[in-house]
Amino acid sequence: MSGKYILVNDVGTTGTRAVIYDGETRVVAEEYTELPSVFPEPGWTEQDPIVIYDKCVQVTKDALKAAKLEASDITAMGIATQRTTNLLWDRNTGEPVYNFITWQDTRMADECERINRSAFFKVLHVVGGAYGKIAPLSAGLKRNPVGKMLVAAAHLTITPAMSAPHVRWVLDNVEGAAAKEAAGDLLFGTVDTWLLWKYTGGRVHATDFSNISSTGMWDPYNMDWSSQLLKPFGLPGKMVLPEIRETSGDFGSTEAGLFGASIPIRSLVADQQAALFGDACFEVGSVKCTNGTGTFIDMNTGEEAIASIHNLTPFIAWKMDGKTTYMLEGMISSAGSSIQFLRDNLCIIEKASDSEECAFSVEDSGGVYVVPAFTGLTAPYWDPYARGTVIGLTRSTSREQVVRATLESIAYQCKDVVTAIQEDTDIEVSMVKADGGASQNNFLLQFLADILEVKVERPEMLEATALGAAYFAGIAAGIWKYPDDILRIHRVEREFEPKMSPEMREKLLGGWKKAVGRACGWA
Ligand code: ADP
């Protein structure tokens, strides 16, 4: 078994990594390089597709070299990618007509706002919103199919992060793009689709269900393209959409000349969905919390796409063996980035990891609360006008207490999202699996367990995204059987049990709510 190797490309926004695992998911080699972004105008964020491709090829070659393996030693490859970021390219020449426009890009904000205010969307929001007010009264109201559609309708808004507005912008603003589209020569793709097309020498134009459900072009309830979100932009028109395949399966093979031998590609998957799988959250109700720059909390909701009264997003987690699994997601925009803020802006810690010792060195935060609403607050507050706040300072407040309060704010925000997920799903969360760079912090995970009042489990591999892609690829290649083999090889490093008294938890959460109230609506 350990003679079989899985290669993963984990393509994020700030960097791309190639990891080679053996049959017991031990890391044999790992290489990383940064990916540049370009910002041609305020609010525009783009990435060069040729640079992304070249850097992915380079880290892959470097990883093979570091592992002292040949491409022919690799049993299967998986590709996990940042979501939504998308591209149009010419099917004949293979040339992109423009850069990737990323999920952070806001160039179409005004146009999206105009569509959201149109009569059609207004009616949806008013009717759906009214139902959303009574839906929490009972599970029956939340769950019946018509009610579910109404709740979903209330939150059907077009955001500038979605792919359709970006495509429209390219067709309207890039010379020659509209003519190529009219001729049926333009292929659409997210990062996974582009890499697959390039790796296979233009033979396969496909994506998987987790990636397509993250573009905002796909209706997860009806499992079809979303006409409500495509039509306002005059799409798809003659643009060629990718074939959508199961997350774990056959995506063709890399061209033999690229890495020295052809490598079978056996999985494409979106990053947060990959992390949910990488954390072995296979059961309905299981939850993972990825603490990176931001925090992404996802619950496996099984075969049901949940319409959220808190405006959380139902995504397809994966599709395997003909079965679709969904997840409900809440995103917190500032988490690990608030630790970077302490390091780089306030200069009160030298390294992110110093925050742990600082926090443990004081008994409590002395009544200080930090609300890291640098760019507003996301789930479940949705207040773009909230701003960062430090409150409760006294003459005796120490640096350590401010650091501790900042770490605590990550856990409080997680609590708010987990509460919203519980209300939407009527599923009591009984344990959380925490991955991502900031999950190295023992103080953070202990405080998270205390505030959530559930066990927090830290896997041995904090890079759950790459691991999840490896699992999917290995399953398709027949190395592992799902779920038994994965559960057998999945390793937990440490568990954090809740220890805080209920009175203390109540008191702290009461203070947090007050602090959030002060931060909201500031800008
Ligand atoms: P991303 O994938 O979003 O780039 P990572 O998973 O690599 O993020 O995690 C990096 C983030 O985690 C940074 O924002 C950093 O400040 C934070 N971080 C890293 N180590 C620690 C630590 N020991 N304690 C707290 N935060 C940390």
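**Ligand shell, helix crossings and unusual backbone**

Visitor: How many residues surround the ligand, and which are the closest?
Guide: This is a predicted model. The closest residues are Thr-293, Gly-336, Gln-340, Gly-437 and Asn-441. The full count of residues surrounding the ligand is 14.

Visitor: Which helix gives the most to the shell around the ligand?
Guide: The top contributor supplies 4 residues. It spans residues 336–344. That is helix α13.

Visitor: How many charged residues does the shell around the ligand have?
Guide: Split the shell by class. There are 3 nonpolar residues and 11 polar ones. The number of charged residues is none.

Visitor: Which side chain has an N or O atom 2.7 Å from an oxygen atom of the ligand?
Guide: Look at the polar atoms facing the ligand oxygens. Gly-437 places a backbone N or O atom 2.8 Å from a ligand oxygen. Ala-438 has a polar backbone atom 3.5 Å from one. The 2.7 Å distance involves the side chain of Thr-293.

Visitor: What percentage of the ligand's exposed area does the protein bury?
Guide: Start with a polar contact: a backbone N or O atom of Gly-437 lies 2.8 Å from a ligand oxygen. Taken alone, the ligand exposes 570 Å². Of that area, the protein buries 71%.

Visitor: Are α12 and α17 roughly parallel or roughly perpendicular to each other?
Guide: Helix α12 covers residues 271–278, and helix α17 covers residues 464–476. Their axes come within 7 Å and cross at roughly 75°. Angles of 65 to 115 degrees count as roughly perpendicular. The two helices are therefore roughly perpendicular.

Visitor: How many charged residues are in the contact of α12 with α17?
Guide: On the α12 side are Asp-271, Ala-274, Ala-275, Phe-277 and Gly-278. They meet α17 residues including Leu-467, Tyr-471, Phe-472 and Ile-475. The contact holds 9 nonpolar and 3 polar residues, and the charged count is 1.

Visitor: What is the orientation of α15 to α19?
Guide: Helix α15 (residues 399–425) packs against helix α19 (residues 502–519) with the axes 11 Å apart. The angle is about 90°. That makes the pair roughly perpendicular.

Visitor: How many charged residues are in the contact of α15 with α19?
Guide: From α15 come Ser-409, Tyr-412, Gln-413, Lys-415 and Asp-416. From α19 come Leu-508, Leu-509, Trp-512 and Lys-513. By class, the contact has 4 nonpolar residues and 2 polar ones, and its charged count is 3.

Visitor: What is omega for the cis bond joining Leu-235 and Pro-236?
Guide: Pro-236 sits in the loop between α10 (227–230) and β12 (243–245). A cis peptide bond links Leu-235 to Pro-236. Omega there is about 10°.

Visitor: Where is Pro-483?
Guide: The peptide bond from Tyr-482 to Pro-483 is cis. Its omega is near 0°. Pro-483 lies in the loop between α17 and α18 (484–489).

Visitor: What is the phi of Lys-68?
Guide: Lys-68 is in the loop between α1 (49–67) and β5 (74–81). Lys-68 is not a glycine, although its phi is positive. The value is about 55°.

Key
Residues numbered from 1 in each chain as written. Predicted model: local features only at pLDDT ≥ 70, side-chain atom pairs only at ≥ 80, totals over all residues. Heavy atoms only, no water. Axes fitted to C-alpha atoms, helices over the stretch in contact; angles between N-to-C directions. Parallel < 35°, antiparallel > 145°, perpendicular 65-115°, else oblique. Contact = heavy atoms within 4.5 Å. Nonpolar A, V, L, I, M, F, W, Y, C, P; charged D, E, K, R; others polar. Near = heavy atom within 4 Å. Polar contact = N/O pair within 3.5 Å; in protein donor to acceptor, adjacent residues only side chain to side chain. Areas by Shrake-Rupley, 256 points an atom, 1.4 Å probe, with all protein chains shown as cover.
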